[in-house]
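Biologist: Let's go through this one together, rings and packing included. Can you put it up and set out the terms as we go?

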Amino acid sequence: MHDDFVLYLESPGDRPAYYKIADYLWGKAANIDSDGNSSHPDDTQWTEVSLILRSGNERDLVHVDPVSVTPLVLEIRSPDEEITKRVAAYLQEVAGGVILQKPPKLA
């Protein structure tokens, strides 16, 4: 984790279904493994997800975890800087919010 590239997304709205992130990164036919807290596949209220490309290398993965729930702040991290940037941009495009380089100061 200490070698991961990290960005933060502050105050996003409804997120895309978790599998749509994998589709965006690696295509719809990609063989992925996932873990997270979606209550069903099309859930838009999840706050954590981990995705890994099974046929990729050890850098083909991304984790999204909550830093704060109120306001919602998501930490996006991957050992691959490009994956971190792409996921942050995709989540912002779909869910809105503000991308930050550092976590916001929380009360």
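Modeller: Sure, ring pairs need a definition up front: rings of Phe, Tyr and Trp (its six-membered ring) pair if their centres lie within 6.5 Å, with planes under 30 degrees apart called stacked, over 60 edge-to-face and the rest tilted. This is a predicted model, so local features need pLDDT of at least 70 and side-chain atom pairs count only at pLDDT 80 or more, while totals for chains, interfaces and linings use all residues. Residues are numbered from 1 along each chain as its sequence is written, and side-chain values use heavy atoms, leaving out hydrogens and water.

Biologist: How many aromatic pairs does a search of the whole structure find?

Modeller: Take Tyr 18 and Tyr 19: their ring centres are 5.8 Å apart and the planes sit at 90°, so that pair is edge-to-face. Tyr 24 and Tyr 90 pair up too, stacked at 4.5 Å centre to centre with 15° between the planes. For the whole structure, the search comes to two.

Biologist: Which parts does the pair of Tyr 24 and Tyr 90 tie together, and how many residues apart are they in sequence?

Modeller: Helices (H or I, at least four residues) and strands (E, at least two) are DSSP runs, numbered from the N terminus. Tyr 24 lies in helix H1 and Tyr 90 in helix H2, so the pair ties together parts whose separation in sequence is 66 residues.

Biologist: Is Tyr 90 buried or exposed?

Modeller: Buried means under 20% relative accessible area, exposed over 50%, and partly exposed in between (1.4 Å probe, protein chains only). Tyr 24 has 35%, so that one is partly exposed. Tyr 90 has 13%, so the verdict there is buried.

Biologist: Which charged end sits over the ring of Tyr 24?

Modeller: The test is NZ of Lys or CZ of Arg within 6 Å of the ring centre and within 35 degrees of the ring normal. At 5.0 Å from the centre of the Tyr 24 ring, the charged end is that of Arg 86.

Biologist: Why do the buried residues of H1 line one face of the helix?

Modeller: The buried ones in H1 (residues 18–26) are Ile 21, Ala 22 and Leu 25. The arc is taken from the directions from the helix axis to the C-beta atoms. Those residues line one face because, down the axis of H1, they fall within an arc of 95°.

Biologist: Which strand holds Val 49?

Modeller: Val 49 has 3% relative accessibility, so it counts as buried. Contact means heavy atoms within 4.5 Å, and beyond neighbours within four places in sequence, Val 49 has contacts including Tyr 18, Ile 21 and Val 62. Its strand is S3.
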